[in-house]
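This report is written for a reader who has the coordinates open and wishes to go from the overall fold to single annotated positions. It begins with the chain as a whole and ends with the relation between copies.

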Number of protein chains: 4
Amino acid sequence: MSDIKRVVLAYSGGLDTSVIAKWLAVERGLEVVTFTADLGQGEEIEPARDKARAMGIPDEHIYIEDLREEFVRDFVFPMMRANARYEGDYLLGTSIARPLISKRLVEIAHEAGADAIAHGATGKGNDQVRFELSAYALDPSIKVIAPWREWDLTSRTALIAWAEAHQIKVPTDKRGESPFSTDANLLHTSSEGKVLEDPWQETPDYVYSRTDHPEDAPDIPEYIEIGFEKGDGVSLNGESMSPAALLAALNDLGRRHGIGRLDLVENRFVGMKSRGMYETPGGEIYARAHRGIEQITLDRGAAHLKDELMPKYAELIYNGFWFAPEREMLQAAIDLSQEKVTGTVRLKLYKGLASVVGRKSPHSLYSEAHVTFEDDAGAYDQHDAEGFIKLNALRLRLLAQRDR
Amino acid sequence: MSDIKRVVLAYSGGLDTSVIAKWLAVERGLEVVTFTADLGQGEEIEPARDKARAMGIPDEHIYIEDLREEFVRDFVFPMMRANARYEGDYLLGTSIARPLISKRLVEIAHEAGADAIAHGATGKGNDQVRFELSAYALDPSIKVIAPWREWDLTSRTALIAWAEAHQIKVPTDKRGESPFSTDANLLHTSSEGKVLEDPWQETPDYVYSRTDHPEDAPDIPEYIEIGFEKGDGVSLNGESMSPAALLAALNDLGRRHGIGRLDLVENRFVGMKSRGMYETPGGEIYARAHRGIEQITLDRGAAHLKDELMPKYAELIYNGFWFAPEREMLQAAIDLSQEKVTGTVRLKLYKGLASVVGRKSPHSLYSEAHVTFEDDAGAYDQHDAEGFIKLNALRLRLLAQRDR
Amino acid sequence: MSDIKRVVLAYSGGLDTSVIAKWLAVERGLEVVTFTADLGQGEEIEPARDKARAMGIPDEHIYIEDLREEFVRDFVFPMMRANARYEGDYLLGTSIARPLISKRLVEIAHEAGADAIAHGATGKGNDQVRFELSAYALDPSIKVIAPWREWDLTSRTALIAWAEAHQIKVPTDKRGESPFSTDANLLHTSSEGKVLEDPWQETPDYVYSRTDHPEDAPDIPEYIEIGFEKGDGVSLNGESMSPAALLAALNDLGRRHGIGRLDLVENRFVGMKSRGMYETPGGEIYARAHRGIEQITLDRGAAHLKDELMPKYAELIYNGFWFAPEREMLQAAIDLSQEKVTGTVRLKLYKGLASVVGRKSPHSLYSEAHVTFEDDAGAYDQHDAEGFIKLNALRLRLLAQRDR
Amino acid sequence: MSDIKRVVLAYSGGLDTSVIAKWLAVERGLEVVTFTADLGQGEEIEPARDKARAMGIPDEHIYIEDLREEFVRDFVFPMMRANARYEGDYLLGTSIARPLISKRLVEIAHEAGADAIAHGATGKGNDQVRFELSAYALDPSIKVIAPWREWDLTSRTALIAWAEAHQIKVPTDKRGESPFSTDANLLHTSSEGKVLEDPWQETPDYVYSRTDHPEDAPDIPEYIEIGFEKGDGVSLNGESMSPAALLAALNDLGRRHGIGRLDLVENRFVGMKSRGMYETPGGEIYARAHRGIEQITLDRGAAHLKDELMPKYAELIYNGFWFAPEREMLQAAIDLSQEKVTGTVRLKLYKGLASVVGRKSPHSLYSEAHVTFEDDAGAYDQHDAEGFIKLNALRLRLLAQRDR
């Protein structure tokens, strides 16, 4: 890696990536380009500019971008079309942000004449894999620097000492032990580590940052309507919204009603289990609404195929294979199914619950004429059922005849 | 079917199956054997004896049985080992009871010298398929009579007129229009039809019979602990319980906290969509707990394989293929995975939510030593991650090299 | 069905469909429109015109069409992109032709003002299902008449007597017992029934019509090269060919070298097993060549996903669900993978064997630099393998630690 | 790894593993235990004893074992029950031998008080992964030494020089360039590398060692019968045989008739493509026979589930996950299906082709009564087909109604 001269760093402006920026310059002798993205993490990104400047990075090497719309439109929504949940529950809030960050890192590397990218993910987690697989898939000759796997700053104390020795301001609250590690974007906030490391202990209240406690939520349910077009959300309570605006509005609703908390022990791609607390307020509402509109607009064959493909699709995203051909193939199949997934879903929000209570569509496949227990005026001939059952049973009868 | 002399009828004691019993005798000239099972539907089954006697059925042809333990132990729990949910949500409460009823119908037919069985399911639904596929799989030469597909009593008025003409007592409340059709057992109560037939309309309050409204549930959360051994629940709050006793106790808890309501538009095997309201109070709690204990005791490979197989497994049960070789093959795979699924799950119950908040096991695969953000004393070498990523990326890089 | 006035019949010109044409007119009082398609079955289709005229069908109701190019381009080739083989072996030669015939039947019904279609498939086979599912999927209000399920001509003798009574010429060779039932098109010839009904008996020599016996094939192997573009065959030995021309040329080669015979006992959709002898000379060569070109142009992720999806895809086609959304979804995924499946495959044909012996492509992913046992000049770092293995092993080690 | 004292080496007696044995002693200062297994590779294994002695290894540290029966009974046959073929074709001859060797390496390490194992696989291939994953799964604390990933003997010349410098006899024929790399056992011989590294070039004749050229095979076909019990082969032409004896006898037949050659470009687990020539004479015959007996004894549901699971099962074995829970789960499902896979298959062997031409079984599900085109005496009611089709079509018609 001795031929690297300039590196683009995924830079949050926080202590850790500030140390990394400095370390890359000082210890590795590299020109550092910083990239700070607004993915809806809920913090200002502009302060990162001053911090980067303070480390001597020239303005033309400081990239700050608002990616919220692209994030929701091109990553979150396509994933939601698949009803993706990893290991039955997890809405993949961290996983789905990584490919977008990597995509911009690589593009900026090309723009800025850099030959490497760097990130602040540790060597134990999934994020390093997601960052790097995406980067390599987009530029096979890109170099990747992952300081946490390389340096000798193996304790918080060492990190802080190094920061101070290199004139990096250490915020007072960073000196104390942070009780857990977090990641946030418009889709979710995750918390891992420390107090959460015993999977028998209930998550303490102070871990939550994105949702009110269900116990503190309003005593009166709130009803909302989400509009869908071709599988994607387009409106809330009749008002048209952009993807990011819709998700943000659902986040507000979800926060207020305590929706979308998930306490999970999951299997990491690198082979260990970890326990996380996820808060996905708007995402949980959206995911349920999407299933609701599919219920009346998707044919059974399409719906069941989607359900069968989903675990693999979710695993691919979790493991970092967004930019892999098999994910794109599955996406093509899923997207084709969404052509008529248009209509409106009504949900009841109440103390942690987001329940679909109604759905309607101009493309509904639900046929009251067929399903009714009342007289159906010939829409369905009950005698057909006998032949249907007889031929479905034939192989079972031949089997029973043999084995009796 | 002219050679049928004696038929075993799945008899609830209600108006419809009473009419069927009489119809089989009067119109088809058959000796009728009645079979009434307690599957935990919450109604007395003994009154069915007097009703059967009143229709002139001799005592030796009246079978009344308590199947609750067999139902939960041999059907519900094996299904729960698979985390089965049809179309993402439905816990299969009706589907899983049908094979057991069919099994006893066929066995009683053999005991009682009958050559046919009969049921009261309509020609539009899934239950006819489930009853009959199970029966044919267990006895390929059994005959099946499905009066709803055969007779001309196509309206409620006609049914009641026929009943009165044949001295069957019609309860007053059956004269009015029932607002919906229900099925109940220890796992769930389902409601379908009439007021529910418009999928845009919210389910009216009076439809619910098994759960209190979340709004009326206690304002204070309740914590419980469920113990598992080899994949099956064995205790509640430290007290050992039989399968049926455990599910019944969870039903009480679920009812009180308004847990387990599901408003679903689903795809029937016979090809149409239908809208149902399911209440599965104990089952919902149990299902979440089972996933919780698997999180720390199942290896990723086993867990992901289970997730991939689940949609097909659930579809098989929904469609009535419990006694099919492919369901048994999947069960063998699933059961093998449950050998170490032993431990305790702690859940918080609150206003419709059943949340896993802790899990522990003597066979836990969760390794704090590996996952910690703190110093791990060499349990994991972060440098391994680089090679792991590099080789996972290799095919993507070759691809990018080709396609750039 | 009393409202049917005009029906389009899939008419081969043979005895059976001639009887059906007459029966529809005489017994059902319908105006009959005949549709005769050239799918490459190897017989003249023009004689069908005179036979139809002889039965009094007016010229404007006689449709005769050459569908060979559409058949191969829009049905056979897309299926071959999936490497589809039903139950491990069968190349679906009959199954893939049915949707096209149904499509034209329905279109002609619309053109000719008919309200029904009719076919000559029996009530025991798969073809009735394939014809009718396709027709219903394309026109939900079309009526279908399947005389073999409806009339009382249950023996050959009865059929011939009826034919003679209605002035239909019975060819002399049709009076004797035909030794088996066949279906043919450009992709294959199938033979079923009679002498083949004992699955222990070897297929007699006289059953084969499309392939020479391997024992009679040339003693000298023949080498050929098939060119592919985006997953479809486009040339033979450097000469560009249309889809149908290519398949026809491969059929000639396959016939000469005795390639593509398959003796199979398969599972029909209607629930029974049947034994068939299939001859797919060109299809077998093509299928192997397609796998050959994929070997160097498809990424592993894409290739393995295709292999996992294939059994379901093949089952859908076999069962008649070509025009179902889930088949179209799978096709979208498969087609996406074929973008770079371009290149040339070299095969050796010899006495029943079609073996891929070479493949090359401008889009090859095969990298001699990586794979070589020789010095690879740094293309691959063997040290990466250690980390790769270590992290893949981690979950297995945690498992072994627990279970030891 | 400084705490290793004694290591068990997978020792073939050849030059490479002799150098490794010496290198482990000289360069790493370890006590070396050699393990030489007869897996049917066709070479004497006793000479390995003298070679090991000549390197100063004491007799009690020289393990030589005949594992042929265990190999076929516990590894090859279970895999064959699944009809496993990797990437559509490869019968996994190398992959399936590795777990057994690792199992014995680990067991011997425990017996001999060793703390590590070593193997001679390179850092580019799959075998290192298979050896090591198996070893770690069986003993999570075992250490693994892979000299090819560690030493600096990166060329053949360097290896030979090192051998001579350390008094290891270098056979004359090893000085010349070997034209390719091979692996052999009772199931197959694989050849890779060098002349095979151009996937466009046909494999030269001299590469083949296990099969006669089809062109040189007898001009007269040979017919054989293989007997199966519960999914495993038990006899040839009526003569009972042990698993290894049966496979050996089929190898003789396959060799003579030129059966089982496969020229493949495959995807390695480590991320690159490689081209191999596999010869699996007996295995190819056996695999086809197994499918043949399944055709009449397996129910469709079981057969199709097996086909859907197979690609994943084969991938697991190829990638080295034999001792992983998900492989064991799949095996449990597969094994359950084999209970009635008993009977006899007749095959025709001729110039490279092994064709099933007949099959019979006391547990046959093939019912001539049902399938016949002749009068079936009421075994099947053709009218059932109409209802079967109508209900299968219902969802497609609702879809067409909506979308027209």
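What follows treats the overall make-up, two groups of annotated residues and the symmetry in turn.

**Overall make-up of chain A**

The model is a predicted one, and its chain A contains 14 helices and 14 strands. The C-alpha trace of chain A spans about 85 × 55 × 45 Å along its principal axes. Of the 404 residues in this chain, 66% count as buried, while the chain exposes about 13800 Å², of which carbon and sulfur atoms supply 47%. When contacts in chain A between residues at least 6 apart in sequence are considered, 72% of them join residues at least 24 apart. As for charge, chain A carries 48 positive and 66 negative side chains, and the centres of these two sets lie 2 Å apart.

**Annotated binding-site residues**

An unreviewed UniProt entry gives the annotation "binding site" to a set of residues in chain A that includes A:Gly13, A:Ala37 and A:Gly120. The feature "binding site" is also placed by UniProt, again from an unreviewed entry, at A:Tyr90, A:Ser95, A:Asn126, A:Arg130, A:Ser181, A:Ser190, A:Glu266 and A:Tyr278. Four of the annotated positions are set out below with their relative accessibility.

| Residue | Relative accessibility | Class |
|---|---|---|
| A:Gly13 | 5% | buried |
| A:Gly120 | 30% | partly exposed |
| A:Ser95 | 1% | buried |
| A:Ser190 | 7% | buried |

Why does A:Gly13 count as buried? Its relative accessibility is 5%, and the class requires a value under 20%. A:Gly13 is found in the loop between β1 (6-10) and α1 (15-26) of chain A. Once its neighbours within four places in sequence are left aside, A:Gly13 is in contact with A:Ser18, A:Ala48 and A:Lys51, and of these partners A:Ser18 is itself covered by the annotation.

A:Gly120 sits in the loop between β4 (116-118) and α5 (127-138) of chain A. Because its relative accessibility is 30%, A:Gly120 counts as partly exposed. With neighbours within four places in sequence again left aside, A:Gly120 is in contact with A:Ile20 and A:Trp148.

Turning to the other annotated group, A:Ser95 lies in the loop between α3 (68-81) and α4 (98-112) of chain A, and with a relative accessible area of 1% it is buried. Not counting residues up to four places away in sequence, A:Ser95 touches A:Tyr90, A:Arg130, A:Ile317 and A:Tyr318; the feature "binding site" is also placed at A:Tyr90 and A:Arg130.

A:Ser190, by contrast, belongs to strand β7 (residues 189-192) of chain A, and its relative accessible area of 7% makes it buried. Which residues does A:Ser190 touch, not counting those up to four places away in sequence? They are A:Thr94, A:Ser181, A:Thr182, A:Asp183, A:Met277 and A:Tyr278, and among them A:Ser181 and A:Tyr278 carry the feature as well.

**Relation between chains A and C**

Chain C can be laid on chain A with an RMSD of 0.0 Å by a turn of 180 degrees and a shift of 0.0 Å along the axis. The two copies are therefore related as by a two-fold rotation axis. In chain C, the C-alpha nearest this axis belongs to C:Ala333 and is 2.6 Å from it. The same surface serves both copies, since 100% of the contact residues of chain C recur in chain A.

How values were computed:
Residues are numbered from 1 along each chain as its sequence is written. Chains are lettered from A and ligands numbered from 1 in the order in which they are written. This is a predicted model: local features need pLDDT of at least 70, side-chain atom pairs count only at pLDDT 80 or more; totals for chains, interfaces and linings use all residues. Side-chain values use heavy atoms; hydrogens and water are left out. Helices (H or I, at least four residues) and strands (E, at least two) are DSSP runs, numbered from the N terminus. Buried means under 20% relative accessible area, exposed over 50%, partly exposed in between (1.4 Å probe, protein chains only). Contact means heavy atoms within 4.5 Å. Accessible areas come from the Shrake-Rupley method with a 1.4 Å probe; for residues, only the protein chains shown count as cover. Lys and Arg count as positive and Asp and Glu as negative; His and the chain ends are not counted. The place of a charge is taken as NZ of Lys, CZ of Arg, CG of Asp or CD of Glu. UniProt positions are given in the numbering used here, feature names are shortened, and annotations may be inferred rather than shown by experiment. Copies are superposed by least squares on the C-alpha atoms of residues with pLDDT of at least 70 in both.
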